[in-house]
Amino acid sequence: MTKFIDLTLSGISSGAIYAAVALALVLIWRSTRIVNFAQGAMLMFTTFIASAVIDSGGSYVLGFAVALASGFVLGAIVERVVIRPVENAPPLNAVILTLGLYTLIVAIAGMIWGNTPRSFPAAFSLRGYTVGGTTFLFTPNDTFIVLVVIVVAAALAFLFRATSLGLRMRGAAFAPEVARLLGVRVGRMLTLGWALAALVGSLAGLLVAPSVFVGPNNFDPILIIGFVAAVLGGLDSPPGAVIGGLVLGLALSYVSGYEGSALVPLAALVILIIVLMIRPTGLFAATRERRV
Amino acid sequence: MTAARDVIRASTLLRSVVLVLVVGLVLLVLSDQMSAYRDLQLATGAYYFCVLAGLTVLAGSSGQISLGHGALMAVGAYTVGKLANAGWALVPELAAAAAVTLIIGIPVGLACSRLRGPYLAGATLAFAVGLPALADRFPTAFGGENGLTINPPTPPASLGVNFPLERWQAWIACIGALVVVFVFYNLGRSGVGRALRAVRDDEIAASLAGLRVGRWHTLAFTLSAAAAGLGGGLLAVVTGTVAPGAFPIQLSLTLLAGVVIGGLGSLMGAVWGAALLVLLPNWTNDLASSFSLSTNVAHNLPLAIYGLVLIGAMLAWPSGIQGGFRAIGRWAGPTIASSFGRGRGKTTTVVAGEPSTEAPAAASVAIPPAPEAGAKTPSES
């Protein structure tokens with residue numbers, strides 16, 4: 001029973017991280033109809049930046065802030081330089097492009113920091129809470145993770161629903177022509193969407209880094225799982241992404257606890273296939289006809 | 001003379017036999033002249049070619065891309081590994097590699113036939129990440145991290161005592177590649193190829209014409225999986241070892257880079273792609289040593305170039321090397337273009353080398369072009 005509770009708790013904490021990655025993917029999908037397969041590499045790169053800052057004597061908070069800022073800038077640059085030209089091209093072009101970007105960023109990180117993974121400090125203690133003599137696997141750091149992700153999700157919801165900037169971003173994404181006629185700088189909104197998404201992504205990287213270590217390929221499973229979570233949620237809906245992330249976090253935590261962690265990516269694949277077989281556009285997406 | 005040419009033109013089967021024999025002869029002579037190291041490169045290129053041919057047929061004839069072919073190679077390689085250690089002979093074990101991968105490809109293809117664009121890419125990516133982990137999960141069956149070791153094939157005694165092993169491996173791999181050429185060349189020009197292209201160009205029109213779109217997609221994926229399995233089996237024979245580390249996600253992305261730069265949709269493009277995958281790491285190593293770059297940089301340089309190639313190709317040159325040659329052919333004049341285009345053009349139009357009048361930047365590798373553009377894409381005869 002303790003094991004089940006432990007797995008549930010750690011599932012919630014890892015689910016929060018998957019939710020953040022899924023949110024990053026969903027933000028980009030909403031604004032440009034592109035799945036950013038480079039997201040895993042981008043958050044890997046910004047986490048490496050944080051690691052470098054901390055290694056050279058900076059505090060954890062400084063590294064954290066620098067990583068978020070560089071994520072924001074990286075997202076904006078990527079959108080402006082390479083994504084803009086394929087935004088109206090056939091979808092496969094964008095897929096191949098973001099995969100190329102993934103490959104390039106992984107290679108650059110390997111060139112700068114080497115391919116040997118390094119450890120990354122956690123924000124808070126990694127010692128589990130003790131309740132009535134039993135020590136649970138849920139740590140103060142897990143509390144931090146869950147709270148941060150809740151705050152970010154709430155902030156995004158506030159931005160998109162309650163501010164004029166969020167309204168303009170939504171307009172630019174869903175009706176670019178009309179938005180442009182109404183004076184919205186559509187290109188700038190799309191860049192902002194990518195920048196925000198990359199920021200959320202780099203946050204996820206920082207949160208997950210203590211448990212997966214920092215290496216060029218250590219974040220690949222996170223990207224896959226984040227993608228599965230986003231698809232679970234329908235790719236289109238931020239609340240769906242959060243729910244998808246949590247569901248997946250729990251499911252994979254049980255798989256990893258009872259069957260071994262090697263099976264986690266495969267379990268994610270199985271879940272993805274089952275979901276796509278039942279609802280090819282995800283569980284929470286509004287059904288839409290494929291246009292002729 | 002003209003009569004013989006007419007016969008060869010008329011029969012696809014005959015043409016493919018001639019093609020395979022001529023290429024085989026050239027490879028035989030070449031491999032005889034080359035050093036052991038070059039022979040090994042030839043063998044490597046040949047197994048890459050098998051996989052790339054599968055990918056290019058998939059993309060070119062049904063409009064799907066797969067990032068899971070690295071994992072399918074692993075299936076073929078592990079099949080050969082297990083069977084070789086069980087004492088099977090070379091030919092049956094390679095055939096089994098293709099067959100097992102084909103069977104694995106059926107459910108994957110079925111699942112993927114319903115998916116499009118990013119969903120398909122994500123699902124196959126998850127497949128590529130997830131499958132090699134099985135080796136870790138069942139270490140007794142698959143050897144865990146260290147994988148399986150295979151005894152190298154022994155050249156037959158009739159070739160002489162000093163016959164280099166690398167040349168024998170090159171022969172095996174090249175024969176495998178020629179089988180793939182033979183099958184895909186004929187398939188592309190048969191009813192199957194036409195049905196697949198019809199499905200690729202316009203799913204709705206194809207289904208109105210009575211084609212079961214999902215089934216054809218599954219068939220294309222399955223065939224391409226079999227080619228990848230054969231490629232993986234050959235990899236096992238050539239390298240003598242099968243381990244999960246040999247099939248990382250980068251392998252799938254590298255394959256994608258190879259097929260994109262070669263040009264999606266043509267077997268010739270797969271040749272260019274395979275040559276690139278073999279030669280590029282060599283060039284970058286030479287480059288790194290002559291500029292005395294650090295090992296970190298040297299190791300990651302090929303990967304960086306693949307990344308740049310993928311990005312650059314999508315931004316500037318979506319039709320790849322083979323598309324470039326065809327463009328030059330068209331530019332050089334109708335005579336050359338038609339002699340080059342004949343036969344080959346049928347399988348290769350996919351590359352959408354001819355961007356229609358609208359937006360040349362949008363020239364697509366993407367085979368089912370955006371619905372709006374689809375109607376205007378010049379469909380082939």
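In chain B of this predicted model, residues 24 or more positions apart account for 76% of the contacts with a separation of 6 or more. The chain contains 19 helices and two strands. Of its 381 residues, 53% are buried.

Helix α4 of chain B covers residues 69-85. At 1.5 Å a residue, its 17 residues should span 24 Å, and the end C-alpha atoms are indeed 24 Å apart, so the expected and computed spans agree. The helix is largely enclosed by the rest of the structure, because 16 of its 17 residues are buried. After α4(B) comes B:Gly87, which has a positive phi near 90°.

B:Thr79 belongs to this helix, α4 of chain B. The residue counts as buried because 26 C-beta neighbours lie inside 10 Å, where 20 or more are required. When neighbours within four places in sequence are left aside, the contacts of B:Thr79 are B:Ala96, B:Ala97, B:Val100 and B:Gly233. B:Ala141 is 62 residues from B:Thr79 along the chain, and the C-alpha atoms of the two are separated by 11 Å.

A further helix of chain B, α15, runs over residues 295-316. Its 22 residues should span 32 Å at 1.5 Å a residue; the end C-alpha atoms are 31 Å apart, which agrees. The helix nevertheless has a kink of about 40° at B:Leu301, shortly before the proline B:Pro302. Both B:Leu301 and B:Pro302 are among the buried residues of α15(B). The other buried residues of this helix are B:Asn300, B:Leu303, B:Ile305, B:Tyr306, B:Gly307, B:Val309, B:Leu310, B:Ile311, B:Ala313 and B:Met314. An α-helix has 3.6 residues a turn, so residues three or four places apart point the same way.

Helix α14 of chain B, residues 267-290, contains B:Ala275. This residue has 17 C-beta neighbours inside 10 Å and therefore counts as partly exposed. Between B:Ala275 and B:Arg200, which are 75 residues apart along the chain, the C-alpha separation is 28 Å.

The contact between the two chains takes 45 residues from chain A and 47 residues from chain B. On the side of chain A that touches chain B, the elements giving two or more residues are α4 (91-113), α9 (220-232) and α11 (264-278). Helix α4(A) supplies the largest share of this side, 16 residues. By residue class, the side of chain A that touches chain B divides into 36 nonpolar, seven polar and two charged residues.

Within chain A, one helix pair was examined. Two packed helices are described by the angle between their axes and the distance between the axes. Helix α2 (residues 39-55) and helix α3 (residues 60-83) of chain A pack at an angle of about 145°, and their axes are 8 Å apart. The crossing of α2(A) and α3(A) is right-handed. From α2(A), the contact is made by A:Met42, A:Phe45, A:Thr46, A:Thr47, A:Ile49, A:Ala50, A:Val53 and A:Ile54. From α3(A), the contact is made by A:Tyr60, A:Leu62, A:Gly63, A:Phe64, A:Val66, A:Ala67, A:Ser70, A:Gly71 and A:Leu74. The residues of this contact comprise twelve nonpolar and five polar, with no charged residue.

Several loop residues of chain A were also considered. A:Arg33 lies in the loop between α1 (2-32) and α2 of chain A. Its phi is near 55°, a positive value in a residue other than glycine. With 16 other C-beta atoms within 10 Å, A:Arg33 is partly exposed. A:Phe213, in the loop between α8 (186-212) and α9 of chain A, also has a positive phi, near 70°, and is likewise a residue other than glycine. A:Phe213 is partly exposed, with 16 other C-beta atoms within 10 Å.

The loop between α9 and α10 (238-259) of chain A holds A:Asp236. This residue is partly exposed, as 18 other C-beta atoms lie within 10 Å. A:Asp236 and A:Leu147 are 89 residues apart along the chain, and their C-alpha atoms are separated by 23 Å.

Terms used: Residues numbered from 1 in each chain as written. Chains lettered and ligands numbered in written order. Predicted model: local features only at pLDDT ≥ 70, side-chain atom pairs only at ≥ 80, totals over all residues. Axes fitted to C-alpha atoms, helices over the stretch in contact; angles between N-to-C directions. Helix = DSSP H or I, 4+ residues; strand = E, 2+ residues; numbered from the N terminus. Left-handed = near helix turned anticlockwise from the far one by under 90°. Contact = placed C-beta atoms within 7 Å. Nonpolar A, V, L, I, M, F, W, Y, C, P; charged D, E, K, R; others polar. Buried ≥ 20, exposed ≤ 12 C-beta atoms within 10 Å, placed from the backbone. Expected span 1.5 Å × (residues − 1). Bend = angle between axes of the 7 residues up to and from the residue.
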